[in-house]
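Let's take a walk through a protein model together. Keep the picture open while you read, and find each residue as it comes up.

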Amino acid sequence: QAELVESGGGLVQAGGSLRLSCAASGFTFSSYTMSWYRQAPGKERELVASIHSMPHISIYADSVKGRFNISRDNAKNLVYLQMNSLKPEDTSIYFCKGRPPGSSFPTYWGQGTQVTVSP
C-alpha cells in the first residue's frame with residue numbers, strides 16, 4: 001500500500017530553522033515529482049516547492065524563495081524541505097505530495113505535519 005509520511009514539524013521561533021522529511025513507500029518514488037504544500041487555518045492549500053524526478057529541477061513559491069530548499073534522495077525514498085529564516089506567516093500544516101509521471105497512475109498525499117513559528 002502506497003504511503004507518504006511526513007515528520008520534522010514543530011514549534012520554532014521566528015528566524016529559526018526546521019527540516020521536514022517525507023518518507024515514501026509502495027510506489028516508484030524515483031518516477032514521481034515530489035512537492036511540499038501548506039495550508040493555514042481558513043486558507044487554501046498552496047504549493048511551497050516541487051522537485052522533479054530527473055533531473056532534479058526544483059521550483060519554489062515566491063514567498064519562500066531564498067529561505068527554503070527542497071531535495072530528494074531516491075535511494076532512500078525521501079524528500080526533504082529545509083526551512084530557514086522562518087517567519088510567523090510560515091505557520092501551517094505542511095503536506096507532502098507525490099505526482100505521477102502519467103495520468104494512469106495515482107497521486108499521493110501525506111497526512112501533514114504542523115509547523116508553528118512564534119514571533
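There are 4 salt bridges in this structure, which is a predicted model. Three of the pairs are set out here.

| Pair | N to O distance |
|---|---|
| Arg 38 and Glu 46 | 2.7 Å |
| Asp 62 and Lys 65 | 3.1 Å |
| Arg 67 and Asp 90 | 2.8 Å |

Let's begin with Arg 67 and Asp 90, whose side chains meet in a salt bridge. Arg 67 sits in the loop between strand S6 (58–60) and strand S7 (68–73), while Asp 90 sits in the loop between strand S8 (78–83) and S9, so this pair ties together parts that are 23 residues apart in sequence. Are these two residues buried or exposed? Arg 67 has a relative accessibility of 11%, so it counts as buried. Asp 90 is buried as well, with a relative accessible area of 1%. The cut-off to keep in mind is that buried means under 20% relative accessible area.

Now look at Arg 38 and Glu 46, another pair whose side chains form a salt bridge. Arg 38 is buried, at 5% relative accessible area. Glu 46, on the other hand, is partly exposed, with a relative accessibility of 36%. These pairs don't stand alone, either: Arg 38, Glu 46, Arg 67 and Asp 90 are linked in a network of salt bridges.

Then there's the salt bridge between Asp 62 and Lys 65. Here Asp 62 counts as exposed, because its relative accessibility is 65% and exposed means over 50%.

Next up is the disulfide. The structure holds 1 of these, and it joins Cys 22 to Cys 96, with the two S atoms 2.1 Å apart. Which parts of the chain does this pair tie together? Cys 22 lies in strand S3 (residues 18–25) and Cys 96 lies in strand S9 (residues 92–99), so the link ties together parts that are 74 residues apart in sequence. The disulfide is left-handed, because the torsion about its S-S bond is about -85°. Cys 22 is buried, at 0% relative accessibility, and Cys 96 is buried too, with a relative accessible area of 0%.

Let's turn to the strands. How many helices and strands does the protein chain have? The count is 0 helices and 11 strands, so if you read the elements from the N terminus on, you get β-β-β-β-β-β-β-β-β-β-β.

A good place to see strands pairing is S4 (residues 33–39) with S5 (residues 46–51), which run in the antiparallel sense over 5 bridges. Across this pair, Tyr 37 stands opposite Leu 47 in S5. S4 and S5 make a hairpin with 6 residues between them. Check out Gly 42 in that turn, where phi is positive, at about 80°.

S5 also pairs with S6, again in the antiparallel sense, over 3 bridges. In this case Ser 50 has Ile 59 in S6 as its bridge partner. S5 and S6 form a hairpin too, with 6 residues between them.

For a single residue to explore, try Asp 73, which lies in strand S7. Asp 73 is partly exposed, having a relative accessible area of 23%. Leaving out residues up to four places away in sequence, Asp 73 touches Phe 29, Leu 78 and Tyr 80. Ser 30 is 43 residues away from Asp 73 along the chain, and yet their C-alpha atoms are separated by 8.7 Å.

Finally, zoom out to the whole chain. What radius of gyration would a compact globule with 119 residues have? The value would be near 14 Å, and the protein chain has 14 Å, which agrees. Taken along the principal axes, the C-alpha atoms fill a box of roughly 45 × 25 × 25 Å.

Of the 119 residues, 42% are buried. The accessible surface comes to about 6,200 Å², and carbon and sulfur atoms account for 50% of that surface. As for contacts with a separation of 6 or more, 54% are between residues 24 or more positions apart.

Methods: Residues numbered from 1 in each chain as written. Predicted model: local features only at pLDDT ≥ 70, side-chain atom pairs only at ≥ 80, totals over all residues. Heavy atoms only, no water. Disulfide = S-S within 2.5 Å. Helix = DSSP H or I, 4+ residues; strand = E, 2+ residues; numbered from the N terminus. Buried < 20%, exposed > 50% of the residue type's maximum accessible area, 1.4 Å probe, protein only. Pairing = 2+ DSSP bridges. Rg over C-alpha atoms; globule rule 2.2 N^0.38 Å. Contact = heavy atoms within 4.5 Å. Areas by Shrake-Rupley, 256 points an atom, 1.4 Å probe, with all protein chains shown as cover.
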